[in-house]
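Me: I'd like to learn how to read this model feature by feature. Could you walk me through it, starting with what the words for surface exposure stand for?

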Amino acid sequence: MKICRTVQELTSITEQLKQENKTIGLVPTMGALHEGHKSLFVRARKENDIFISSVFVNPIQFNNKEDFEKYPRTEEQDIKILEECACDIAFIPTAEDVYGGQTPETFTFGQLEQVMEGVQRPGHFSGVANIVSRLFIWSKADKAYFGEKDYQQIAIIKDMVRQKSFKIEIVPCPIFRDEDGLATSSRNVRLSAEARKIAPKIHQILLESYRQKDFLSISQIKAFVEDEFKHNKNFVLEYFTIVDDKTLQPVSQREENQGIVGCIAVWLDGVRLIDIQRYW
Ligand code: AMP
C-alpha cells in the first residue's frame with residue numbers, strides 16, 4: 001500500500017492510473033477505523049481495479065471545537081487496517097495541504113440541508129462538500145462509497161455531484177452494526193462501559209417502531225419513539241425526524257410507493273450518536 005501525504009503525490013499517481021484506464025474506487029473517512037468502515041472497504045476493493053481511502057479529520061465540517069479536538073485519532077492502527085483490507089493508496093494529508101490558506105467554498109443545498117444535521121450543525125455540510133469535492137477531483141475516482149448511517153450526507157453529496165457535474169457514481173452502503181445492534185462509529189470509543197451497554201437501546205427502539213409501522217400513523221410512530229426516549233433518562237433526544245427518502249422533507253402521511261426513513265440524533269454520556277430506520 002502506498003501512503004500519500006500530499007495532494008501532489010496523490011494526483012500524480014492517479015493521473016498515471018487513469019492513463020492506464022484503471023477504475024478507481026474511493027472511500028473517504030475521518031479515521032479511527034472500525035468494522036463499519038471495513039464494510040465499505042470490502043466493496044470498494046471488490047468493485048474497482050484500484051481502491052483508495054482517505055483519512056482526514058476535516059476541521060471545517062466541525063461546528064463544535066471540542067468535538068473536533070476530542071475526535072479519536074489512531075493513524076498507526078488505521079494504516080494497519082487499510083493494509084489488511086488490501087487498500088492500494090491511503091491518502092493522509094494535513095489540513096495545510098488540503099486547504100493551503102484558501103477560503104473554503106460555500107456550498108448550499110436548499111431544502112436538503114434545512115432539516116436534521118443541517119439545522120443542528122450549521123456549516124457542517126458545506127464543510128463536508130468542500131473536502132469531498134476535493135477528494136473526488138484529486139482521486140479521479142469512478143465510484144465513491146458512503147455509509148447510510150450518515151443518511152443525509154449521501155443526499156447532500158449526490159446533490160454536490162449534480163451541482164459540480166462530476167462524473168462519479170455514489171454508492172450507498174448499508175449500516176454495519178455490532179452484534180447487539182449498535183451502529184459502529186468512531187465516537188463509540190468515547191462511551192463509558194456503562195453507556196456502551198445502554199447504547200443498543202437506540203436501535204431497539206427504532207426496530208420496535210418499525211414492527212408497529214402498519215398499525216400506526218407516521219405521527220404516532222414519531223410520538224412512540226420520542227416517548228421511549230423521554231422515559232429513558234440516560235438519553236437526550238436531539239431529533240427524530242421521519243422523512244421522504246429522497247427529498248429528506250418531513251412527512252406526516254405516506255404517498256403510494258413513497259420511501260420513508262426515520263433519522264435520529266441522540267446524546268448518551270456526552271456523546272452524540274446518530275442512526276436511521278427505514279420504514280418503507
Ligand atoms: P467517518 O469516518 O465517520 O466520516 O465515516 C466514513 C464513512 O464510513 C462514511 O461514509 C460513513 O457513513 C461510513 N460509516 C461510518 N460508520 C458506518 C457504519 N456503522 N456502517 C456503514 N458505514 C459507516
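Reply: Sure. A residue is called buried under 20% relative accessible area, exposed over 50%, and partly exposed in between. Keep in mind that this is a predicted model. Now take N257: its relative accessibility is 69%, so N257 counts as exposed.

Me: Where does N257 sit?

Reply: In the loop between β7 and β8. The backbone there deserves a look too. Most residues other than glycine have a negative phi. N257 is not a glycine, yet its phi is positive, about 65°.

Me: Which residue in the loop between β8 and β9 should I check for the backbone?

Reply: Look at D269, which lies in that loop. D269 is not a glycine either, and its phi is positive at about 55°. Its relative accessibility is 40%, so D269 counts as partly exposed. One further case is N21, which follows α1 and has a positive phi near 60°.

Me: And the strands themselves: in which sense do β7 and β8 pair, parallel or antiparallel?

Reply: Antiparallel, over 9 bridges. To get your bearings, find T241, which stands opposite C263 in β8. Strand β7 covers residues 235-244 and is mostly covered, with 7 of its 10 residues buried.

Me: Let's move to the open sheet. What is the order of its 6 strands?

Reply: Read across the sheet, not along the chain. The order is β1-β4-β3-β2-β5-β6, and the pairing is parallel. β1 (2-4) and β6 (169-173) each have a single partner strand, so they stand at the edges and one side of each lacks a neighbour in the sheet. As for the twist, neighbouring strands are turned by 25° against each other on average, with direction ignored.

Me: How many bridges join β2 and β3?

Reply: The parallel pairing of β2 (residues 24-29) with β3 (residues 50-55) runs over 6 bridges. I24, for example, has I50 in β3 as its bridge partner. Helix α7 (residues 124-139) packs on this sheet, where it touches β2, β3, β4 (89-91), β5 (143-147) and β6. The direction of α7 makes about 150° with that of β2.

Me: I50 came up just now. Is it buried or exposed?

Reply: With 11% relative accessibility, I50 falls under the 20% cut-off, so it counts as buried. Its surroundings are worth tracing: beyond the neighbours within four places in sequence, I50 is in contact with L17, K22, T23, I24, G25, R45, D88 and I89. You can also compare sequence and space here. I50 and A90 are 40 residues apart in sequence, and their C-alpha atoms are 11 Å apart.

Me: How do I read a helix such as α1? Which of its residues are buried?

Reply: Start with the length. The 13 residues of α1 (residues 7-19) should span 18 Å at 1.5 Å a residue, and the end C-alpha atoms are indeed 18 Å apart. Then look at the faces. V7, L10, T11, T14 and L17 are buried in α1. Those residues cover an arc of only 125° around the axis, so they lie on the same side of α1. Q8 and Q19 are exposed on the other side.

Me: What do the buried residues of α1 pack against?

Reply: They pack against β1, β2, β3, β4, α5 (95-99) and α7.

Me: Last topic, aromatic rings. What kind of pair do F229 and F235 form?

Reply: For ring pairs, look at the distance between centres and the angle between planes. F229 and F235 are 5.3 Å apart centre to centre with 85° between the planes, an edge-to-face pair. F229 has 3% relative accessibility and counts as buried. F235 also counts as buried, at 5%. Compare that with Y279 and W280, a tilted pair with 6.5 Å between centres and 45° between planes. Y279 is buried, with a relative accessible area of 3%, whereas W280 is partly exposed at 25%.

Me: Which residues form one aromatic cluster?

Reply: F62, F68 and Y71 do. The count of aromatic pairs comes to 11.

Terms used. Residues numbered from 1 in each chain as written. Predicted model: local features only at pLDDT ≥ 70, side-chain atom pairs only at ≥ 80, totals over all residues. Heavy atoms only, no water. Pairing = 2+ DSSP bridges. Helix = DSSP H or I, 4+ residues; strand = E, 2+ residues; numbered from the N terminus. Axes fitted to C-alpha atoms, helices over the stretch in contact; angles between N-to-C directions. Contact = heavy atoms within 4.5 Å. Expected span 1.5 Å × (residues − 1). Buried < 20%, exposed > 50% of the residue type's maximum accessible area, 1.4 Å probe, protein only. Arc of directions from axis to C-beta. Phe/Tyr/Trp six-rings, centres within 6.5 Å; stacked < 30°, edge-to-face > 60°.
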